[in-house]
Structures are given as C-alpha cells and as structure tokens.
Amino acid sequence: MDHVHPRVSNAAPRLWIGGAASPADGNEAFDVLDPATGRAIARAARGGASDIDRAVVSARAAFEADGWRGIAADARSRLLWRYADLLEANAAELAELEVLNNGMPLGFAQWGVAASAAWLRHFAGMAGRLVGRHTSAAVSGGGAAFHAYTALEPVGVVGLIIPWNGPIASFMIKVAPALAAGCTCVVKPAENTPLTALRLGELASEAGLPPGVLNVVSGFGDAGAALVAHPGVDKISFTGSTATGKSVLRAAADTVKRVTLELGGKSPCVIFDDADMARAIPGAAQAIFANTGQICFAGSRLYVQRASFDRVVEGVAEIARVLRVGRGLDAETQIGPLISAEQRRRVEDYIALGRAEGGEIVAGGKAIGGDGFFIEPTVFTNLSASARIVREEIFGPVVVATPFDEIEEVAALGNDTNYGLGAGIFTSNVGTAHRLAGRLRAGNVWVNCYGVTHPAMPFGGFKESGLGRELGEEGFAAFLETKSVYIDLAEG
C-alpha cells in the first residue's frame, strides 16, 4: 500500500456516525486506489443497510426540536463559520488527500477546498434569513379575523449521495445549505473517493457540530439504495449519472421523499466567427479537458462557425497535444488520470466507436501505458449529429467538433440532446450572446467563459440533466418546507 496521510493509511477502516469513528457492522472494508498508480492507498469501511440505519437514527435524534433545528440561527452560523475556518486551516492536507484519491491536478483540488469554505460561509449567512410572510390582512374579512402567516422549517433528515469526480466540492455544495437550513445529514460518498468525505466528517465535529448532525457512511451502491429507501430520511440529494438518478427518483417515490437530482450532461460549446479567439480556443479546450473531462457540464460538443472551423479545431487540438498528463501532485501536471480502469475502458470504447462511426481523430485517441488510468486528450471531427459519441455522455477528455453556419442552426444542434446542464457561447456580439442564451435549453449558460459557479447563483439542469437546483436561494430552499398557520382571533 502506497503511503498517504497517516490518519488514513494507518487507521482501521471507520465510518463517521454520531460524531465518532465507528467500524461497519459487518467489519467489511475495501481498498481505496490512487488512480495515478492503480495501487491501494488506504482501506475504507464498507457500510451497509444496518450502518445507514444507525446513521439515520443518529441524524434524527440530532434533528429534533431541542437539537440542531432548535439552535438559534446566529449560533448555527457561528458553527458553520468555524467549520469553514477548519477547512482552510487543513487546506493543504485536504487538497493532497483529494489528489491522491481522485487523481485531479493539485490546483483543481485547492480550488475545491477554497470554494467549499466560501460556500459554507455564504450559507452560514443565509441561516438568519429563514423568514416567512404575514398574510393576516389578505385572509381576514367578511366578519372573520385571522392572524395568518407562513413559516420556513428544515425538511428534516437528508441523505446526500455524492459523486467521485469532485468529492470535496460535491460534498459541500449539498452539506452547506442543508446544515444552514437546520437539517441533519447522512452523506454517502462514492466508493472510489471516500477519504475526504470521512475527513470532513471529523472536521465538522471538531468545529463543534453536535453529534449526529453530520454522518458519513462509505460503501457501495447497496448503501446508497438503503439511504434512498429509508423511511426516516425526508429528502435525497443525489449527484451522479442520469441512469442512477432515474433509479433514485423511482425508489424515492415509495416514501414520497423530496428529491434533488444533479445528473449528466452533453453540453455544447459554441464559437462564432467574431469571437476573440485568444479567449475562445483555450476556453473551449478548458471546457472539455478540465479534470480529464470528468465534469458533468463538460463542453463535449464543440460547434464552430464555418469560416473559423479549421482554425479553432487546430487550436484546440494543439492544446490537447501539449497538455502535460501525469500525477496530480506533480507541479507540471495539467491533466490527471481517469478515476478507474473501468472508466478508462469506457472512454477507450467510445473512442473506438467514434472511429467506427466515421470520425476523424485530430489529436489524441490512445490510452497512455504504464501505471495509472491515463488517456490522451482527444479531438474528433467529421461525425454526424446522430453518432453515439455526439449523443452519449462519455465523461472523459473527448470532444467532437462540428461546423455550423447560422444561429438558428446551432441553437437546434445545441438542443438536440436529452441533456440540458450547461452551454458555452463565445462571441463579441452582445445581441448574438443574448439571442442564443435564450434559445438554448440549459440550466447554465456561460458567455466568453466556461464553468463559472458562485454560491449566489443556482446550478442545475433542464431535461434529463436533473431536477431542482443547488446553490443560490433555490439551493437553500430545497432543504426547507413551508408551513401555513391560521389563528382564528374570534372572541369566545
């Protein structure tokens, strides 16, 4: 087993339940791999249905009126602010752990830690904004008098299922608003990347969050299914594949759980002839190659106005050829490994499929030999809109470039998908930007940039890219219920 942080590699596999480390009920564990080497760096406890039940019971006890939901908003804010301080104090450790477990370049991991602290502080401030409406004047009349108002209350115990492609950021994009709203949490991290989630559970307790407010149960799909099915869970927030998200939605229907889904994408990135190519070409490359293409809103469909097509394709291909591929902890690395051997095989299969469908590879196209799960950044052209690698989410550094002529044509091409998570537009014409942004069926549209997020702005998708929103006021409201109260003021 390769060396990693002593607290991980030397410790017995543990879950985090009720504010304390706990072995899985069956004492089962599994290897956690470094994608850059393919070798084990730690062992993690394999939680199952009984462990999920223990975590839910702990979260329910911590939620009740004299628990987390009953803490004054300013006190809850101070605890979340302290949690953010601890993330920053341990930023180097967390970022290194993220790189070792996920393979991403160190700079990307450092951004994830910094963003997580910022999201905590943002939602800590929103904890004091849980205000309802006074509607007595509207309700009263005709001889009747009522004191009527609405109240916002936490939805309850929430199950948060997070993916492997950005473990820290995905953890906090859900946990921060849930805790600020007064909910208690059971987090189920992806089996590939449990390490930072477990460490974040420890830091929450160190920050002073009461036992049971934040629980982390590592494990496989059976643990996630048990969390979705558990009658003691009031809401599920899931990030992952669209296929699994549909299964979550079906299972949640049995207990009418509230559900937020952040799912897959096949996002278009559009470059017009009038774009500033010094921004557009590296922007399009970053849109697909960042985090080895393992981003739900990756710009995997590149549409370029015809007069600029050859120039843009060659520019993106040249970036693909010179990107430094390697271990995330190496300072020169710009693109890391895929998460697993299975994911590398999946991407290789799609590249072979693209060739079979008649596509031309302009750059990349091969796996990189040696240790780890590396693959070359790949640029395709000469594929029709019906080609499978144009329509299906690959989740790897593979982009298909297609020419277009007019805005109406590219709007139709951009919308010709079951997904609707993101879209990029590069143009110097503000009218073109607004017209196309209004036409594209996507939850996030970036103009002359790509992939920008902020906690004040909601994030989510149209169509099969999800249900509901994260971040922003909408992401906060997703963890709240609205109660209407009527008080008859009649005497006697």
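Is Asp-330 buried, partly exposed or exposed? Asp-330 turns out to be partly exposed, with a relative accessible area of 31%. The close-ups below come from a predicted model.

**View 1. Arg-327 and Asp-330 pair up in a salt bridge.** Their side chains meet at 3.6 Å, N to O. Like Asp-330 at 31%, Arg-327 is partly exposed, and its relative accessible area is 33%.

**View 2. Asp-25 joins Arg-54 through a salt bridge.** Here the gap from N to O is 3.1 Å. This pair ties together distant parts of the chain, 29 residues apart: Asp-25 sits in the loop between strand S2 (20-22) and strand S3 (29-34), while Arg-54 belongs to helix H2 (residues 49-63). Asp-25 is partly exposed at 42% relative accessible area, and Arg-54 counts as partly exposed too, at 27%. Look for Asp-51 as well: Asp-25, Asp-51 and Arg-54 are linked in a network of salt bridges.

**View 3. Glu-392 holds a salt bridge with Arg-388.** The closest N and O atoms are 2.8 Å apart. Glu-392 is partly exposed, with 25% relative accessibility, and Arg-388 is partly exposed with 41%. If you feel like hunting for others, a search of the whole structure turns up 27 salt bridges.

**View 4. Gln-343 is tucked into helix H13 as a buried residue.** The helix covers residues 341-356. Gln-343 has a relative accessible area of just 9%, so it counts as buried, the cut-off being under 20%. Setting aside neighbours within four places in sequence, Gln-343 is in contact with Trp-164, Gln-294, Leu-338, Ile-394 and Phe-395.

How values were computed. Residues numbered from 1 in each chain as written. Predicted model: local features only at pLDDT ≥ 70, side-chain atom pairs only at ≥ 80, totals over all residues. Heavy atoms only, no water. Helix = DSSP H or I, 4+ residues; strand = E, 2+ residues; numbered from the N terminus. Buried < 20%, exposed > 50% of the residue type's maximum accessible area, 1.4 Å probe, protein only. Contact = heavy atoms within 4.5 Å. Salt bridge = Lys/Arg side-chain N within 4 Å of Asp/Glu carboxyl O.
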